[in-house]
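Subject: Structure for your review

Dear colleague,

Please find below the structure that I am handing over to you. I would be grateful if you could read the notes that come after it with the structure open.

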Amino acid sequence: MIWATAVAALLLAGALTGVRVLREYERAVVFRLGRLLPLRGPGLVVLVPLADRMVRVDLRTIALTIPPQEAITRDNVPVRVNAVAYFKVVDPVRSVNEVENHAVATSQLAQTSLRSVLGRHDLDALLAERDRLGESLQKVLDEQTEPWGVKVDLVEIKDVEIPEAMQRAIARQAEAERERRAKVINAEGEVQAAQNLRDAARILSADPAAIQLRYLQTLLELGGEGRSTIVYPVPIDLPASTFLRGSS
């Protein structure tokens, strides 16, 4: 009787140790005596003690922080870039059978791919087109992780560090560019002002009364400022013509 009770207790304990509960986002890859069984989960999974071995696979999206990588851009500028990649397992069986540790393998692949992608672009493109570089890196990673049953959804470049000397050079370049734009805008304003003055002169020269009205308006503006000075316009050629007549 005692032996029967002990055997029953051992069988019950073995049965309980072979029971697993999987959440909705988990799947079980089960091997029985080394042979792969059909995918199981979610819910209750019963394993044969001493014969089955289960590998639990998480199907949720994983945020992988890519450590800072030092690289040389295409225009020979040293940079230090860190990024973050978002991936998930879409085929649990392949993620277990095709690679030893899909998370570690994806991390190592992301680091090497980041350095290679950076080396194919200039510094200006790296600073101004992070989204396009992230998309390029995402495509590279997705193609290489597809045999592992891993899908890379997104890669974001978080920070780009450049040497302090290069930062000063970029600041000087930006300042020179702003000065150039200011001079161009000022020159364009002078051209537009000259064109407007030319058009106004043509309009005034067409009617002598318009010149007189403009002269009276100018006197009104000068008198409105509390001044008593009156300005009489004199043609530029008047003194020369008067002198010539006097000498003759």
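The notes below concern charged side chains, aromatic rings and one histidine. Please bear in mind that this is a predicted model.

Salt bridges

The structure holds 14 salt bridges. Three residues, Arg23, Glu26 and Arg56, are joined in a network of such bridges. In one part of this network, Arg23 pairs with Glu26, with an N to O distance of 3.6 Å. In another, Arg56 pairs with Glu26, and here the closest N and O atoms are 3.1 Å apart. Arg56 belongs to strand β5 (residues 52-58) and Glu26 to strand β2 (residues 26-32), so this pair ties together parts that are 30 residues apart in sequence.

The members of the network vary in their accessibility. Glu26 has a relative accessible area of 7% and is therefore buried, the cut-off for that class being under 20%. Arg23, at 49% relative accessibility, counts as partly exposed, and Arg56, with a relative accessible area of 39%, is likewise partly exposed.

A further salt bridge joins the side chains of Arg74 and Asp122, at 3.1 Å from N to O. This pair links distant parts of the chain, 48 residues apart. Arg74 is in the loop between β6 (62-72) and β7 (78-89), while Asp122 is in the loop between α3 (102-118) and α4 (123-128). Arg74 is exposed, with a relative accessible area of 54%, because the class begins over 50%. Asp122 is partly exposed, with a relative accessible area of 27%.

Aromatic rings

How many aromatic pairs does a search of the whole structure find? The search returns 0 aromatic pairs. A charged residue does, however, sit over a ring: Arg60 lies over the face of Tyr25, at 3.9 Å from the ring centre.

His121

The loop between α3 and α4, where Asp122 is found, also contains His121. Is His121 buried or exposed? Its relative accessibility is 13%, so His121 counts as buried. Leaving aside residues up to four places away in sequence, His121 touches Thr73, Arg74, Arg132 and Leu133. One of these contacts, Arg74, is also the salt-bridge partner of Asp122.

When you inspect the model, I would suggest starting with the network of Arg23, Glu26 and Arg56 and then turning to the loop that holds His121.

With kind regards

Technical notes
Residues are numbered from 1 along each chain as its sequence is written. This is a predicted model: local features need pLDDT of at least 70, side-chain atom pairs count only at pLDDT 80 or more; totals for chains, interfaces and linings use all residues. Side-chain values use heavy atoms; hydrogens and water are left out. A salt bridge is a side-chain nitrogen of Lys or Arg within 4 Å of a carboxyl oxygen of Asp or Glu. Buried means under 20% relative accessible area, exposed over 50%, partly exposed in between (1.4 Å probe, protein chains only). Helices (H or I, at least four residues) and strands (E, at least two) are DSSP runs, numbered from the N terminus. Rings of Phe, Tyr and Trp (its six-membered ring) pair if their centres lie within 6.5 Å; planes under 30 degrees apart count as stacked, over 60 as edge-to-face and the rest as tilted. A charge sits over a ring if NZ of Lys or CZ of Arg is within 6 Å of the ring centre and within 35 degrees of the ring normal. Contact means heavy atoms within 4.5 Å.
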